[in-house]
Amino acid sequence: MAADPATPSTALITNDIVLFGLIAATLAAVFWTASRPSGPWKRFYTYVPALLLCYFIPGIYNTVGLIDGSASALYNPVASRVLLPAALVLLTLTIDLRGVLRLGPKLLLMYIGASITVMIGAFAAFWIMGVLHPETVAGDTWAGMATLAGSWIGGGANMVAMKEVFAVDETTFGQFVVVDVGVGYVWMAVLIFLAGRAAKIDARSGADTRAIEELKTRLASYQAEHERVTTLTDLMLIVGIAFGAVGLSHAIAGPASAWFGANVGWARQVSLHEPFVWVVVLSTLIGLGLSFTRVRTLDGAGASKIGTLLLYILIACIGMQMDIFALADRPWLFLLGLIWISIHIALLWALGKALRVPFFYFAMGSQSNIGGPASAPVVASVFHPSLAPVGALLGALGYATGTVLAYLVGIGLRAMAGQ
């Protein structure tokens with residue numbers, strides 16, 4: 001949630017150029033220490049993934065007041081509107097589409113199951129908190145939960161849509177934005193941590209991981225086959241294609257979203273009036289189209305590595321918005337969010353066990369709902385950089401379903417609240 005422009009920031013660092021330098025230096029420090037072949041850093045990173053630190057350290061900067069992530073333009077528009085679609089182009093142009101399709105229908109089932117379990121979790125959490133602490137669910141809490149359902153099934157656009165539909169006041173909306181960040185981002189951090197242990201989790205559950213492993217092997221073989229010494233021309237082509245595609249996506253997204261919003265009655269139901277939806281989808285489709293051409297050989301010159309670098313900057317920019325102590329004033333709302341997401345996790349895990357799916361499917365089903373297209377590619381990339389577009393496509397799907405499903409949650413919660 002953006003800071004009020006009329007309220008000056010009290011952070012020590014308010015210059016975005018200085019802040020970007022701090023973020024870049026932090027990422028460099030994390031990767032340098034993680035690359036140490038021996039010593040205490042080697043032991044430390046055995047238990048703590050480097051990616052987790054790239055996410056949490058900027059959050060600490062924000063929490064202690066060194067920076068003010070909500071007042072910075074680094075996440076929006078720089079990271080989310082420029083670097084994310086550029087990363088999607090570079091990671092998607094290296095993709096093996098046939099291999100992704102071999103991942104099968106169970107991945108989509110886990111996505112649908114995640115949406116349904118978020119809805120069930122909302123009703124269950126409202127009832128449980130009504131027993132444990134009735135004051136928490138009194139008043140218009142149900143409406144705030146409807147906005148959070150919009151975010152956890154779709155994304156930010158769906159959350160704002162629910163605010164307007166149910167006329168949620170700014171105070172309640174702001175509190176649930178904090179719950180969204182405090183609970184949703186912590187769950188993202190947990191998934192990043194567990195992704196490094198996915199092989200052990202899959203071994204214990206007996207999941208069939210052959211399709212994922214075959215895809216990873218083919219991607220590695222293709223990259224090794226076309227790997228070469230990177231030239232300046234290669235880098236110019238990579239950057240030109242990535243940001244050229246971003247520019248084209250934004251050029252189309254503006255008028256396309258405006259036309260759909262004005263002329264197609266159901267466009268707002270599936271968020272086609274939101275330019276960001278078009279940017280994510282178009283960037284992914286452009287990259288996918290390039291994957292069938294000789295442009296794909298640029299992966300041998302480092303296209304996917306540059307895409308991954310851009311994703312790490314995005315991760316840090318997401319993390320710097322987190323305030324670890326932001327829910328101290330209303331801890332019961334935090335508990336409500338924890339109960340809600342715990343029910344979602346438990347039910348989705350049970351579905352995954354029943355279907356015997358790999359942990360990647362569970363992580364993608366959950367994060368593409370809870371996090372959306374801005375963060376689902378981040379979690380997917382931890383499993384393999386070229387899997388990031390899978391997260392992006394599933395996350396974008398949430399924009400189409402989030403408004404309708406969150407509206408149903410709001411109607412049900414309102415009935416439970418007796419209003």
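1. A disulfide here is a pair of cysteine sulfur atoms within 2.5 Å. By that cut-off the structure holds zero of them. Why does Cys317 stay unpaired? Because its sulfur is 12 Å from the closest cysteine sulfur, in Cys54, too far for a bond. Both sites are buried (under 20% relative accessible area; exposed is over 50%, partly exposed in between, with a 1.4 Å probe and protein chains only): Cys54 has 1%, and Cys317 has 2%.

2. A quick word on the source: this is a predicted model, where local features need pLDDT of at least 70, side-chain atom pairs count only at pLDDT 80 or more, and totals for chains, interfaces and linings use all residues. Numbering starts from 1 along each chain as its sequence is written, and side-chain values use heavy atoms, with hydrogens and water left out.

3. Have a look at helix H15, residues 331-355. (Helices are DSSP runs of H or I, at least four residues, numbered from the N terminus.) Its 25 residues reach 36 Å from first C-alpha to last, close to the 36 Å expected, taking 1.5 Å times one less than the number of residues. Its buried residues include Leu333, Leu336, Trp340 and His344. Residues three or four places apart in an α-helix point the same way, because there are 3.6 residues a turn. After H15 comes Arg356, with a positive phi near 55°.

4. Thr136 sits in the loop between helix H6 (106-132) and helix H7 (141-153). Thr136 is buried, at 2% relative accessibility. The Thr136 side chain makes a polar contact with the side chain of His133, at 2.7 Å. (That term means N or O atoms within 3.5 Å; within protein, one must be able to donate a hydrogen and the other to accept it, and residues adjacent in sequence count only if both atoms are side-chain atoms.)

How values were computed: Helices (H or I, at least four residues) and strands (E, at least two) are DSSP runs, numbered from the N terminus.
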